[in-house]
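Q: Got a minute to look at this one with me? I'd like to talk through how the chains meet.

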There are 4 protein chains.
Amino acid sequence: MDIKIGAAEMAPFLDEVFPQIRGQFSIQRLDAEALIMRLHVADQHLRPGGTVSGPAMFALADVAAYVAVMSRVGREALAVTTNCSIDFMRKPAAGADVLASAEILKLGRALAVVDVRLVSEGGTEPVARATLTYSIPPKRQP
Amino acid sequence: MDIKIGAAEMAPFLDEVFPQIRGQFSIQRLDAEALIMRLHVADQHLRPGGTVSGPAMFALADVAAYVAVMSRVGREALAVTTNCSIDFMRKPAAGADVLASAEILKLGRALAVVDVRLVSEGGTEPVARATLTYSIPPKRQP
Amino acid sequence: MDIKIGAAEMAPFLDEVFPQIRGQFSIQRLDAEALIMRLHVADQHLRPGGTVSGPAMFALADVAAYVAVMSRVGREALAVTTNCSIDFMRKPAAGADVLASAEILKLGRALAVVDVRLVSEGGTEPVARATLTYSIPPKRQP
Amino acid sequence: MDIKIGAAEMAPFLDEVFPQIRGQFSIQRLDAEALIMRLHVADQHLRPGGTVSGPAMFALADVAAYVAVMSRVGREALAVTTNCSIDFMRKPAAGADVLASAEILKLGRALAVVDVRLVSEGGTEPVARATLTYSIPPKRQP
């Protein structure tokens, strides 16, 4: 699928639409083949013991899937999360960022479905997986 | 089901095990019939337009289900989220806290399943629903 | 919500659109307050030991949610399952039918979300729960 | 991961434990790298229009994930489906079998998590995806 918004344009777009998460996430890779987002793990994302919390992993999966969809549909569109199923499978490594790879399984006119896998940086086995559905409302007529 | 940890004991327990979320959530009601958690909506939970973000609703559902389970199994136990499916159904009301009601559907020896409904305070229709599964590891022998 | 198709009209409608499942399911109750479907448990729905299989419970949840949605939107509409999350929590009782109660959580113009609880007839604790999302395509213009 | 039960042994094992589904499914490939199951589409799996029904796709995903897990844990073990999230993304092709590829994401002592993708034979885009969790009860002591 062609990319309508590349990494250089996507980063300031994210800062604009989601100012609350500025600095927490960055785009590691964004091209026609792959989207990889990084969670810059900080104290606010941790549980006692130094492991990344479930809500922080959910937030990473959500922003990764959102960026994957928006990069294809373009910034004049909207994409609203309607459903997520997420499995937490292993404890993330302490002291490591978490990386999310998003794969678009369906990009229809009204719905997009995206699979996301999360790994601790330097690790190989997934710490979590998620599938998210986005509703893409019809564009407003000019 | 009997309550092993009531609201008075649960609040400091939450502060102790999840210091990162201190002040964001509070227990509205906790007894044998119901558990209701409140998200004190602040700027960090918002999306542009003043609506509560998906990750903030996920975090609320997770802490509500966790508190419901821990109130029954007691604080010497552990409960780890293994799965969540969540549906975002309506835009939360701007300027209103979000309340989560948790219902324990199963409390087995190894797994607990909890349903959660989220409403904006003062509203009637659910803004989101979630089902969460917790793994309850065997207690360590003394 | 008002009912557009009542039980008397729904049963032959189901036979017409889903001839493959004729005789397996019946409508126990359908009115403005509730929808309850029955799975007439037969040999084809069983696992060794006499317990109802997961796919049979999924099929019951799907048809119950479908009937709940169609009863509200009317038979000129379509409703296509796009997502289901289901938790199997207890072994169904041997030799008992399974009853499914459906509750519509959202009925939007494009999407409907339905919660379903399954119990063995005569039992009280849920054997399974499911949440299903239906896409409701725009009606074709005449 | 090593295979404890290969295809030659798995087929009669499935017939033995699931006699109700005999003839509906077959193992297309089972080795250390992959598990592919086939749904032999017959009239009982169809919806009007000739498309494969949701419950038939759920049953295929469930048996594929079950076979993937059992091939690793061996036939003296048990594996019980506790959760499934499934997305139906495209209409299956009429007149084509459906193939399911299962990937084990986690195989722990108590829980296994399996991703499954379904394609119509001859097609490339997934018609559905599912993630299933299996509980693996402790082995009974001899």
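Q: Which way do strand 5 of chain A and strand 5 of chain B run, and how many bridges join them?
A: They run antiparallel, and five bridges join them. In chain A, strand 5 covers residues 80-88. Keep in mind that this is a predicted model.

Q: What is the bridge partner of Ser85(A) in strand 5 of chain B?
A: Ser85(B).

Q: Where does Ser85(B) sit with respect to the axis?
A: Start with the superposition. A turn of 180° and a shift of 0.0 Å along the axis lay chain B on chain A, with an RMSD of 0.0 Å. The two copies are therefore related as by a two-fold rotation axis. Within chain B, the C-alpha nearest that axis belongs to Ser85(B), at 2.0 Å.

Q: OK, the whole contact now. How many residues does it take from each chain?
A: It takes 21 residues from chain A and 21 residues from chain B.

Q: Which elements of chain B each supply at least two residues to the side that touches chain A?
A: Strand 3 (46-47), helix 2 (54-73) and strand 5 (80-88) of chain B.

Q: And which gives the most?
A: Strand 5 of chain B, with eight residues. That is the strand bridged to strand 5 of chain A.

Q: How do the residues on that side of chain B divide into nonpolar, polar and charged?
A: There are 10 nonpolar residues, seven polar and four charged.

Q: Why say the copies meet through the same surface?
A: Because 100% of the interface residues of chain B are also interface residues in chain A.

Q: Switching to the fold. How many helices and strands are there in chain A?
A: Two helices and eight strands.

Q: What pattern does chain A follow along the sequence?
A: α-β-β-β-β-α-β-β-β-β.

Q: How compact is chain A for its length?
A: As compact as a globular protein of that length, because its radius of gyration, 15 Å, is close to the 14 Å that the globule rule gives for 142 residues.

Q: And what box do the C-alpha atoms of chain A fill?
A: Roughly 50 × 25 × 25 Å, taken along the principal axes.

Q: What share of chain A counts as buried?
A: 44% of its 142 residues.

Q: Last one, on contacts in chain A with a separation of 6 or more. What share comes from residues 24 or more positions apart?
A: Those residues account for 63% of such contacts.

Technical notes: Residues are numbered from 1 along each chain as its sequence is written. Chains are lettered from A and ligands numbered from 1 in the order in which they are written. This is a predicted model: local features need pLDDT of at least 70, side-chain atom pairs count only at pLDDT 80 or more; totals for chains, interfaces and linings use all residues. Two residues are in contact if their C-beta atoms, placed from the backbone, lie within 7 Å. Helices (H or I, at least four residues) and strands (E, at least two) are DSSP runs, numbered from the N terminus. Ala, Val, Leu, Ile, Met, Phe, Trp, Tyr, Cys and Pro count as nonpolar, Asp, Glu, Lys and Arg as charged, and the others, Gly among them, as polar. Two strands pair if DSSP finds at least two bridges between them. Copies are superposed by least squares on the C-alpha atoms of residues with pLDDT of at least 70 in both. The radius of gyration is taken over C-alpha atoms; the globule rule is 2.2 Å times the number of residues to the power 0.38. A residue is buried if 20 or more other C-beta atoms lie within 10 Å of its own, exposed if 12 or fewer, and partly exposed in between; C-beta atoms are placed from the backbone.
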